Amino acid sequence: MYSFYFEQGGEEIQLPVPPSNLHLKVNNRNKTVDLLNLGEVNILKDAGLSEWSFTILLPGRLYPFAVYKQGFQEPRFFLAKFEQYKTSKKPVRFIVSRVAPWGAPLFDTNMMVSFETYTIEEKAGEEGDVYVSLELKQYKEYLTQKVELTQIENEVMATIQSERPSKDPPKTY
């Protein structure tokens with residue numbers, strides 16, 4: 001059994017129906033170049049950011065196979081949360097809990113992600129139900145560095161201080 005959660009700002013939501021497929025794309029940042037007399041070679045670099053994609057069902061009515069941990073919520077509740085995640089410009093914790101059919105815990109996923117894109121689909125004959133295709137990208141925290149230059153007897157010295165970026169991006173540059 002798989003359970004999918006999103007958490008932001010201390011508020012956690014569980015998706016009522018886990019997706020039937022979960023795709024993880026592990027990117028790299030390798031470069032290929034052409035060398036004289038050797039041809040094409042691959043220069044190995046650090047791994048890139050991973051990307052998750054899946055499609056979920058947001059039920060418009062109570063289904064016996066769905067999990068309603070916080071009580072039944074209509075699709076508009078989840079759509080509003082997804083819009084909040086997208087527009088807040090803040091990362092979201094993405095959690096996938098995996099338990100084997102015989103009850104043994106499997107590996108879990110717990111990482112910070114950004115909501116890259118999502119597509120909403122409604123199908124004829126399934127009025128009230130909404131399908132959402134989500135694309136998430138791994139988020140890594142970073143620090144900015146402030147460099148202060150001081151001159152002492154014709155020599156320049158640099159002092160580096162690390163600090164977290166401000167929560168609100170600057171309006172002008």
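**A buried aspartate and its surroundings**

Asp129 counts as buried, at 3% relative accessibility. That makes a handy way into this structure, which is a predicted model. Buried here means under 20% relative accessible area, so Asp129 falls well inside the cut-off. Even so, Asp129 has a partner of opposite charge: Arg61 forms a salt bridge with Asp129, and the closest N and O atoms are 4.0 Å apart. Arg61 sits in the loop between E6 and helix H1 (75-87), while Asp129 sits in the loop between strand E8 (109-121) and E9, so this pair ties together parts that are 68 residues apart in sequence. Arg61 itself is partly exposed, with a relative accessible area of 39%.

Stepping back for the overall picture, the protein has 173 residues, and 26% of them count as buried. Its make-up is one helix and eleven strands. Read from the N terminus on, the elements go β-β-β-β-β-β-α-β-β-β-β-β.

The salt bridge just described is not alone, since a search of the whole structure finds four salt bridges. What is the general idea behind such pairs? Side chains of opposite charge can pair when their charged atoms come close. Another example joins the side chains of Glu51 and Lys137, at 3.8 Å from N to O. Glu51 lies in strand E6 and Lys137 in strand E9 (residues 130-138), so here the pair ties together parts that are 86 residues apart in sequence. Glu51 counts as partly exposed at 27% relative accessibility, and Lys137 also counts as partly exposed, at 26%. A further salt bridge brings together the side chains of Arg76 and Glu74, at 3.1 Å from N to O. In this pair Arg76 is exposed, with a relative accessible area of 63%, whereas Glu74 is partly exposed, at 36%.

Strand E6 (residues 51-58) also holds Trp52. Is Trp52 buried or exposed? With a relative accessible area of 6%, Trp52 is buried, because anything under 20% falls in that class. Trp52 and Val26 are 26 residues apart in sequence, and their C-alpha atoms lie 8.9 Å apart in space.

Now for the start of the chain. Five of the seven residues of strand E1 (residues 2-8) are buried, so E1 is largely enclosed by the rest of the structure. Which strands pair with E1? One is strand E7 (residues 92-98), which runs antiparallel to E1 and is joined to it by six bridges. Within that pairing, Phe6 stands opposite Phe94 in E7. The other is strand E2 (residues 11-14), again antiparallel to E1, with four bridges between the two. Here Tyr5 has Gln14 in E2 as its bridge partner. E1 and E2 form a hairpin with two residues between them, and Gly9 in the turn has a positive phi of about 60°. As a general point, the side chains in a regular strand alternate between the two faces of the sheet.

A second hairpin comes a bit further along. Strand E4 (residues 31-35) and strand E5 (residues 39-43) run antiparallel and are joined by five bridges. One of the pairings sets Val33 against Val41 in E5. Three residues lie between E4 and E5 in this hairpin, and Asn37 in the turn has a positive phi of about 70°. There is also something to see on the surface here: Val33, Leu35, Leu38 and Ile43 make a nonpolar patch of about 330 Å². Ile43 belongs to strand E5. With a relative accessible area of 37%, Ile43 is partly exposed.

Last come the empty spaces inside. How many cavities of 30 Å³ or more turn up in a search of the whole structure? There are two. The largest cavity holds about 40 Å³ of space. Its lining is made up of Gln14, Pro16, Val67, Tyr68, Lys69, Gln70, Gly71, Gln73 and Phe78. One name in that lining is familiar from the first hairpin: Gln14, the bridge partner of Tyr5 in E2.

Terms used:
Residues are numbered from 1 along each chain as its sequence is written. This is a predicted model: local features need pLDDT of at least 70, side-chain atom pairs count only at pLDDT 80 or more; totals for chains, interfaces and linings use all residues. Side-chain values use heavy atoms; hydrogens and water are left out. Two strands pair if DSSP finds at least two bridges between them. Patches are made of residues with over 30% relative accessible area and no salt bridge: like charges are joined within 9 Å, nonpolar side chains (Val, Leu, Ile, Met, Phe, Trp, Tyr) within 5 Å. Accessible areas come from the Shrake-Rupley method with a 1.4 Å probe; for residues, only the protein chains shown count as cover. Buried means under 20% relative accessible area, exposed over 50%, partly exposed in between (1.4 Å probe, protein chains only). On a 1 Å grid over the protein atoms alone, a cavity is a set of points where a 1.4 Å probe fits but cannot get out, and a pocket is an open set with protein on both sides within 12 Å along at least five of seven lines; lining residues have an atom within 4 Å of a point. Grid points are joined across faces, edges and corners, and a volume is the space filled by probe spheres set on the points.
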